[in-house]
Amino acid sequence: MPSAEDYEGEEMTLWEHLEELRSRLFKAALALMLTFIVGFLLNEFVFDILIKPYCSLDPSLRVSSAIFDDESCRLVFSDVLGAFKVRLKAASVIAITFGGPVVFYQLWAFIVPGLKAQEKKYAAPFFFLSQFLFLLGAAFSYFVIPKGLEFLLSFGGSNLISLMDADRYISFLIRTMIGFGVSFEYPLLVAILVLMGVVSHAWLKEYRRHAFFGAFVAAAVITPSQDPATMIVMALPLALFYEICIVFAKFVERGRGADVDPEVDAAT
């Protein structure tokens, strides 16, 4: 059982905890609302960024020039509220990207006072690393989406015209970016298990092939486009992260003074 000396700060009553939670939730909601408003006001700029993966495709894969008499990059909508919904979704991308870290910070700031001193040492690095990995995954997906679109739209051949619906395109973009962002968080989960002593360096090495296979399965499930090119591009960073986790586990075990088999260690 942890002793009172393991914790820092004054003990709070239930009502003080509830008041702290209310304050944190209000700040999180305010951050999302303000970033959403900014995203909505900068709608044209945001939408120009979001449409670039589609516009980078060969004109033959986009709307036929026979319709618009040029090779301009345009999306379409098919219902009265279509344009408005697209603008809302574009603004939500800004809210998630810039407001999301504030939400996670408020959650982190609420939880940290209840942690032990030893746990606090890891809390801050894990918090900032989780934010970085999520944004890295989302940014990474933005640059591989054109390959997925190219693969899918190329099935149309010369007899089918791609008349891309704006609402569905933005939804596809958001799902892909979130999927990549969440998948990039998995090294943190492995690192936590290593620090807790649940998994070891030797265990991670033993199940390396299983992990690589799982990375490709996860990429197939998470990738909305389901095309081989995007799945491979997504699986490779996951496999690399697993190798980094093996090195991290070895480093942690050495820091604890754990014995590492030289023959097994040399095979890494």
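A residue counts as partly exposed when its relative accessible area falls between the buried class, under 20%, and the exposed class, over 50%. D79, with a relative accessible area of 35%, is therefore partly exposed. The structure described here is a predicted model.

The chain contains twelve helices and zero strands. Read along the sequence, the pattern is α-α-α-α-α-α-α-α-α-α-α-α. The chain has 268 residues, and 35% of them count as buried. Contacts with a separation of 6 or more were also examined. Of these, 80% join residues 24 or more positions apart.

Helix 5 was examined against two other helices. The first pairing is with helix 1. Helix 1 covers residues 14-41, and its axis comes within 7 Å of the axis of helix 5. The two axes cross at roughly 150 degrees. Angles over 145 degrees count as roughly antiparallel. Helix 1 is therefore roughly antiparallel to helix 5. The crossing of these two helices is right-handed. The contact of helix 1 with helix 5 involves 16 nonpolar residues, seven polar residues and four charged residues.

The second pairing is with helix 2. The axes of helix 2 and helix 5 come within 9 Å. They cross at roughly 85 degrees. Angles of 65 to 115 degrees count as roughly perpendicular. Helix 2 and helix 5 are therefore roughly perpendicular to each other. On the helix 2 side, the contact is made by N43, E44, V46, F47 and L50. On the helix 5 side, V86, R87, A90, V93 and I94 take part. The residues of this contact divide into seven nonpolar, one polar and two charged.

Side chains of opposite charge can pair when their charged atoms come close. In this model, the count comes to six salt bridges. Three of them are described here, beginning with E44 and R87. The side chains of E44 and R87 form a salt bridge, with an N to O distance of 3.2 Å. E44 lies in helix 2, residues 43-50, and R87 lies in helix 5, residues 82-111, so the salt bridge ties together parts that are 43 residues apart in sequence. Both residues also appear in the contact between helix 2 and helix 5. E44 is exposed, with a relative accessible area of 52%. R87 is partly exposed, at 23%.

A further salt bridge joins K89 to D167. The closest N and O atoms of this pair are 2.6 Å apart. K89 lies in helix 5 and D167 in helix 7, residues 166-183, so this pair ties together parts that are 78 residues apart in sequence. K89 has a relative accessible area of 26% and is partly exposed. D167 has a relative accessibility of 16%. The cut-off for buried is under 20%. D167 therefore counts as buried.

The remaining pair described here is K85 with D79. These residues form a salt bridge, and their closest N and O atoms are 4.0 Å apart. K85 counts as partly exposed, with a relative accessibility of 33%. D79 is also partly exposed, at 35%.

Notes. Residues are numbered from 1 along each chain as its sequence is written. This is a predicted model: local features need pLDDT of at least 70, side-chain atom pairs count only at pLDDT 80 or more; totals for chains, interfaces and linings use all residues. Side-chain values use heavy atoms; hydrogens and water are left out. Helices (H or I, at least four residues) and strands (E, at least two) are DSSP runs, numbered from the N terminus. Buried means under 20% relative accessible area, exposed over 50%, partly exposed in between (1.4 Å probe, protein chains only). Axes are lines fitted to C-alpha atoms, for helices over the stretch in contact, and angles run from 0 to 180 degrees between N-to-C directions. Angles under 35 degrees count as roughly parallel, over 145 as roughly antiparallel, 65 to 115 as roughly perpendicular and the rest as oblique. A crossing is left-handed if the near helix is turned anticlockwise from the far one by less than a right angle, and right-handed if clockwise. Ala, Val, Leu, Ile, Met, Phe, Trp, Tyr, Cys and Pro count as nonpolar, Asp, Glu, Lys and Arg as charged, and the others, Gly among them, as polar. Contact means heavy atoms within 4.5 Å.
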